[in-house]
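Work through the exercises below with the model open beside you, and compare each step with the solution that follows.

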Amino acid sequence: MRITRVKSILTAPDGITLVVVKVETDVPGLYGLGCATFTQRATLVARAVDDYLDPLLRGRNAANIEDLWQMMRVNSSWRNDPVLNNSISGVDMALWDIKGKAAGMPVYDLLGGKCRPSAMVYRHADGRSPQEVLENVQRYQAEGALAVRCQMGGYGGRVKDVTALNARPSAAAPQATHRRSALDAAASEFPGAYYDPDAYARSVIDLFDHVRGQIGYDLFLLHDIHERLAPMDAIRMATALEPYRLFFLEDPLPPDQIEWFRRLRQQCATPIAMGELHNHPLEWRPLVVEQLIDFIRAHISQIGGLTPARKLAALCEAYNVRTAWHGPGDVSPIGHAANLHLDLACHNFGIQEVIFFGEALKAVFPGTPELRDGHLWANDQPGFGIDLDEAQAAKYPPAALTPIEWTQARWPDGTLWTP
Ligand code: GCO
Ligand code: MG
């Protein structure tokens, strides 16, 4: 089973550029598909696959996944960066897909079989006010959701433009004039996605007070701080949210602030989730080994694919950390399928993030997992049970390359903050 070609395919059925890797073999009709989606640098990942991994892997035995993974990891000498990890992930997942197809088994069976029939998921509710968020939560509840993440105004409750910050009551206070001039100066010199961390932090408490007040405690609720607060404000929010019994609070701190996780852990009992930004084992190892988090949120392609993810899941199991793999719109349905196969096979599964799979996505990716009754369901077909229709994919060319704005997150005084 020799590899004959490795190629990248970019497509954007939902307007988000997805990166897929196809690994072809010398066995007629036998190929594999993997997710390499790093949408913020999609074309770089595609080049890494086509210019470097394709020539490296042609002629190799597709059965030796571990050896090929280790070889790809160190082939560039320098390693563990987002672009290279995603390119490796695309190939790695495709090799697991091939192995499952060759064996006539779903990948979860290669991983030891099912621990549960399906994976509980959480949906995304947003809104401009607590009442609007509540209505979206109740809509998902009516659709059978068991868990909903609540955000108000996206991450950081960002404001569209600085002038809105002037609208705050405190803007009328005498010192506001200085504040206004500083804000206007910031806005002109430092354009960006402005938000007010203090207002955001207080608004989240109001949000959960309102939602819990209306729906009680039978639904799991989650929130993503998305590293938008200064450390002590993140700790203050995590403790203030304790009475609202969150399933987890995500990304309270940036990945390089391990020490602050220790302080957070000492002060609050709100379950913590972290990991979507991880690329390097040294980012997750201390958090898991010291049990500073309760859920690992890795974006599987950002760490290099299924091979490292199943090992990370095993490490987490030893420290009673559960999985909650990253599953937003910038993960392809193949990545969602890989998440799901791990969710089904790992004992320490916690919850799965998911998106709504629209008709365009399902047309490009036949065999996309099924979202039903608050759970994600596999189709039990060999491999990941999902395919890619290249003719359909070509109908949705990658999004035009324009500078990313939302990651230019700024505080009212113009300070750039982690997005
Ligand atoms: C999440 C994430 C995403 C990321 C996005 C970055 O919890 O789903 O925070 O929304 O921000 O995937 O491209
Ligand atoms: Mg997140």
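**Exercise 1: the metal site**

The magnesium ion (ligand 2) has as its protein donors Asp224 (OD), Glu250 (OE) and Glu276 (OE), lying 2.1 Å from it, where donors are N, O and S atoms within 2.8 Å of the metal (3.2 Å for Na, K and Ca) and water is not among the atoms, so sites may look incomplete. This is a predicted model, in which local features need pLDDT of at least 70, side-chain atom pairs count only at pLDDT 80 or more, and totals for chains, interfaces and linings use all residues. Residues are numbered from 1 along each chain as its sequence is written, chains are lettered from A and ligands numbered from 1 in the order in which they are written, and side-chain values use heavy atoms, with hydrogens and water left out.

Task: describe which spacing the donors of the magnesium ion (ligand 2) follow along the chain.

Solution. The spacing of these donors is D-x25-E-x25-E. Asp224 lies in strand 7 (residues 220-224) and Glu276 in the loop between strand 9 (272-274) and helix 11 (281-289), so the pair ties together parts that are 52 residues apart in sequence. Both Asp224 and Glu276 are buried, a class that means under 20% relative accessible area, with exposed over 50% and partly exposed in between (1.4 Å probe, protein chains only).

**Exercise 2: a positive phi**

Task: state where Gln291 lies and whether its phi is positive or negative.

Solution. Gln291 is placed in the loop between helix 11 and strand 10 (295-296), and its phi is near 55 degrees, a positive value in a residue other than glycine.

Terms used:
Helices (H or I, at least four residues) and strands (E, at least two) are DSSP runs, numbered from the N terminus.
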